[in-house]
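Please open the model in your viewer, choose a cartoon display, and keep the selection tool at hand. The tour below goes from one selection to the next and says at each stop what is there.

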Amino acid sequence: AQGGLVGHSLLTVPVSDNRLSAFKAGSMTDFTGNWILEKCDNMEAFVAKDGMSWPKRKVASAMGFGVGKHKVDITMSPGGPTMDVQETTPFGQTDNKLALDGKPQDLVVMSGDTTATMATSWEGAELVHVVVTKNGETTVTMRRKLEGGQMVVSLTNDGVTATRFFKKQ
């Protein structure tokens, strides 16, 4: 957990014109598609670190942390660049339109609240999302990449990392 991120100014990640041009030219990873969670590693430790209560962790674990049920529909917009992400889980659905410019923006979570901000930027072929709760108490770094036909999403909170593997439908 980290505090003191007043105004979240530390989240602004500069994106050079060359990086935007490279995406527009098609050399950045295109995550467009309908994805379903196939496997996850270390989710129990991650959600515990993220503050999920023991009873909720046990329910989530019994449901396989969404394996076979967590769906992610992504549309990349090379002209933006933006990324539309619609996630559907047994707990609900979210819809977020993310600017890929490194600037913090409101993030809609499963409850429908905007209790966090997310700054998204490119690091090579990976998309890096930095999520900070609005009270500044929790920071999660999410790294998204394509590997062997799967979308691999790593989530890190204060040194604890979980990895989710999605296959394209």
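Helices and strands are here DSSP runs, of at least four residues for a helix and at least two for a strand, and they are numbered from the N terminus. With that in mind, select K103, whose place is in the loop between β4 and β5. What does K103 touch, once residues up to four places away in sequence are not counted? The answer is M118 and A119. If you also select S121, which is 18 residues apart from K103 along the chain, you will find 8.3 Å between the two C-alpha atoms.

**The whole chain**

Now step back to the full chain, and keep in mind that this is a predicted model. The chain has 3 helices and 10 strands, and reading along the sequence gives the pattern α-β-α-α-β-β-β-β-β-β-β-β-β. Of its 169 residues, 41% are buried. The accessible surface comes to about 8,600 Å², and carbon and sulfur atoms hold 52% of that area. Among the contacts with a separation of 6 or more, 46% are between residues that stand 24 or more positions apart.

**The sheet, from edge to edge**

Select the strands next, and follow them across the open sheet of 10 strands in the order β4-β3-β2-β1-β10-β9-β8-β7-β6-β5, where the pairing is antiparallel. At the edges you meet β4 (92-99) and β5 (105-107), each of which pairs on one side only. Direction ignored, neighbouring strands of this sheet are turned by 30° against each other on average. In general, strands of a sheet pair through backbone hydrogen bonds, either parallel or antiparallel.

Begin at the β4 edge and add β3, which pairs with β4 in the antiparallel sense over 8 bridges. These two strands form a hairpin, with 2 residues between them. To see one bridge of this pair, select D84 together with its partner K97 in β4.

Staying on strand β3, select T88, which lies in it. Is T88 buried, exposed or partly exposed? With a relative accessibility of 27%, T88 counts as partly exposed, because that class covers what falls between under 20% for buried and over 50% for exposed. Leaving aside neighbours within four places in sequence, the contacts of T88 are K69, H70, K71 and Q93. The C-alpha atom of T88 is also separated by 6.5 Å from that of V72, although the two residues are 16 residues apart along the chain.

Move on to strand β2 (residues 71-77), which pairs with strand β3 (residues 82-89) in the antiparallel sense over 7 bridges; here S77 has T82 in β3 as its bridge partner. From β2 continue to β1, where the two strands pair in the antiparallel sense over 4 bridges, and where W35 stands opposite V72 in β2. Strand β1 is also joined by 6 bridges to strand β10 (residues 160-168), and these two run antiparallel. Select L37 to find F166 of β10 standing opposite.

**The nonpolar core**

Then select F31, I74, M76, M83 and M151, which touch the most other members among the 31 residues of the largest nonpolar core. In soluble globular proteins, nonpolar side chains tend to be buried together. To look at one of these five more carefully, centre the view on I74, which touches F31, T32, G33, W35, M83, D84, V85, R144 and M151 when residues up to four places away in sequence are not counted.

**Two polar stops**

Select T29, which lies in the loop between α1 (17-24) and β1 (33-41). T29 is buried, because its relative accessible area of 13% falls under the 20% limit. Which backbone oxygen does the side chain of T29 reach? It is that of A125, at 2.7 Å.

From A125, go on to E126, which lies in strand β7 (residues 126-133). The side chains of E126 and R143 are joined by a polar contact of 3.3 Å. Finally, show what surrounds E126: apart from neighbours within four places in sequence, this residue is in contact with S121, R143, R144 and K145.

Definitions and conventions:
Residues are numbered from 1 along each chain as its sequence is written. This is a predicted model: local features need pLDDT of at least 70, side-chain atom pairs count only at pLDDT 80 or more; totals for chains, interfaces and linings use all residues. Side-chain values use heavy atoms; hydrogens and water are left out. A nonpolar core is a set of buried Ala, Val, Leu, Ile, Met, Phe, Trp, Tyr and Cys residues joined through side-chain atoms within 4.5 Å. Buried means under 20% relative accessible area, exposed over 50%, partly exposed in between (1.4 Å probe, protein chains only). Contact means heavy atoms within 4.5 Å. Two strands pair if DSSP finds at least two bridges between them. Axes are lines fitted to C-alpha atoms, for helices over the stretch in contact, and angles run from 0 to 180 degrees between N-to-C directions. A polar contact is a pair of N or O atoms within 3.5 Å; within protein, one must be able to donate a hydrogen and the other to accept it, and residues adjacent in sequence count only if both atoms are side-chain atoms. Accessible areas come from the Shrake-Rupley method with a 1.4 Å probe; for residues, only the protein chains shown count as cover.
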